[in-house]
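User: Please take a close look at the salt bridges here, then place them against the strands, the core and the pocket.

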Amino acid sequence: MKKITIAIDGFSSTGKSTLAKQLAKELEYVYVDTGAMYRAVAYFAMQHNLISADFFKKEALIEALSDIRLEFRFNGDLGFAEMYLNGENVEKQIRTIEVSNFVSTVAAVSEVRAKLVEQQQEMGTNKAIVMDGRDIGTVVFPNAELKIFMTASAETRAQRRFDELQQKGDNVTYEEVLKNVVDRDHMDTHREDSPLVIADDAIEIDNSYLNKEEQFAAVLELVNDVVKLD
């Protein structure tokens, strides 16, 4: 069967990673969560006192980029790869609301994006990959055979994210999560370097009223259509 590159972009908390994992498992493709990579850099900045609610030492972070080593290691028990930062498993740490509050600021730094995009492009050299993020179809893989752009209302996304954080035991309010979603939307769509936009040839999916199974079925059909075209 023809191997393709699947690029999934969209706003925060639209279920990009969930869909990407489902597709990768079904197709036996490599899955790359680029959001985890940016989150790991943000976590590094927090750990090294380079960012807080009051300051952002942008130049210091740029200088420290050579000290940041990111890698995905597959966890057989979980069925997906986890993010490692300089040899440490940080999968849990990077999913907190605190990291969410800083990730868009860190992701707006051109030098950070250049470092991570280069790594992401190397990962996709042999195709048979599903990658999700904000600029996969526009910057990382502009020639991807299938591009999906996912969206949903801010309120729907905030509720989903709030429920997820509650299940993990995080002490947050819905209002905090909604503010984070709205703030990230603004930063992601207004940054100078690779802002979040829908690629001209992307297929937009509003999943405000779709469950995971319905969404997966719809996108899998799109994948099959693309593969058959060859």
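Which side chains meet in a salt bridge at 3.4 Å, N to O?

Analyst: The side chains are those of Asp-188 and Arg-191. A salt bridge here is a side-chain nitrogen of Lys or Arg within 4 Å of a carboxyl oxygen of Asp or Glu. The model is predicted, so local features need pLDDT of at least 70 and side-chain atom pairs count only at pLDDT 80 or more, whereas totals for chains, interfaces and linings use all residues. Residues are numbered from 1 along each chain as its sequence is written, and side-chain values use heavy atoms, with hydrogens and water left out.

Asp-188 and Arg-191 are both buried, that is, under 20% relative accessible area, with exposed meaning over 50% and partly exposed the range in between (1.4 Å probe, protein chains only). Elsewhere, Asp-33, Glu-91 and Arg-95 are joined into one network by salt bridges that share partners. Over the whole structure the search returns 12 salt bridges.

Within that network, Asp-33 bridges to Arg-95, with the closest N and O atoms 2.9 Å apart. This pair connects distant parts of the chain, 62 residues apart: Asp-33 is in strand E2 (residues 30–33), and Arg-95 is in the loop between strand E5 (88–89) and H4. Helices (H or I, at least four residues) and strands (E, at least two) are DSSP runs numbered from the N terminus. Asp-33 and Arg-95 are both buried.

Glu-71 and Arg-73 form another salt bridge, with 3.0 Å between the closest N and O atoms. Glu-71 counts as partly exposed because its relative accessibility is 27%, and Arg-73 counts as partly exposed because its value is 34%.

Now the strands. E3 (residues 70–75) and E4 run antiparallel and are joined by six bridges; strands pair if DSSP finds at least two bridges between them. Phe-72 stands opposite Met-83 in E4. The E3–E4 hairpin has four residues between its strands, and Gly-79 in the turn has a positive phi of about 85°. E4 is also antiparallel to E5, through two bridges, with Tyr-84 opposite Asn-89 in E5. Two residues separate E4 and E5 in their hairpin, where Asn-86 in the turn has a positive phi of about 50°.

Met-83 also belongs to the largest nonpolar core, which has 38 residues; Val-41, Leu-61, Ile-68, Leu-70 and Val-112 are, with Met-83, those with the most contacts inside it. A nonpolar core is a set of buried Ala, Val, Leu, Ile, Met, Phe, Trp, Tyr and Cys residues joined through side-chain atoms within 4.5 Å. The elements that each supply at least two residues of this core include helix H2 (34–47), strand E4 (80–85) and helix H5 (110–123). H2 gives the most, nine residues. Beyond its neighbours within four places in sequence, Ile-68 is in contact (heavy atoms within 4.5 Å) with Val-41, Phe-44, Leu-61, Leu-85, Asn-86 and Lys-115. Another core, of 22 residues, lies apart from the largest core and has Ile-8, Ala-24, Met-150 and Val-219 among its members.

Last, the pocket. Helix H1 (residues 16–27) gives the most to the lining of the largest pocket, with seven residues.
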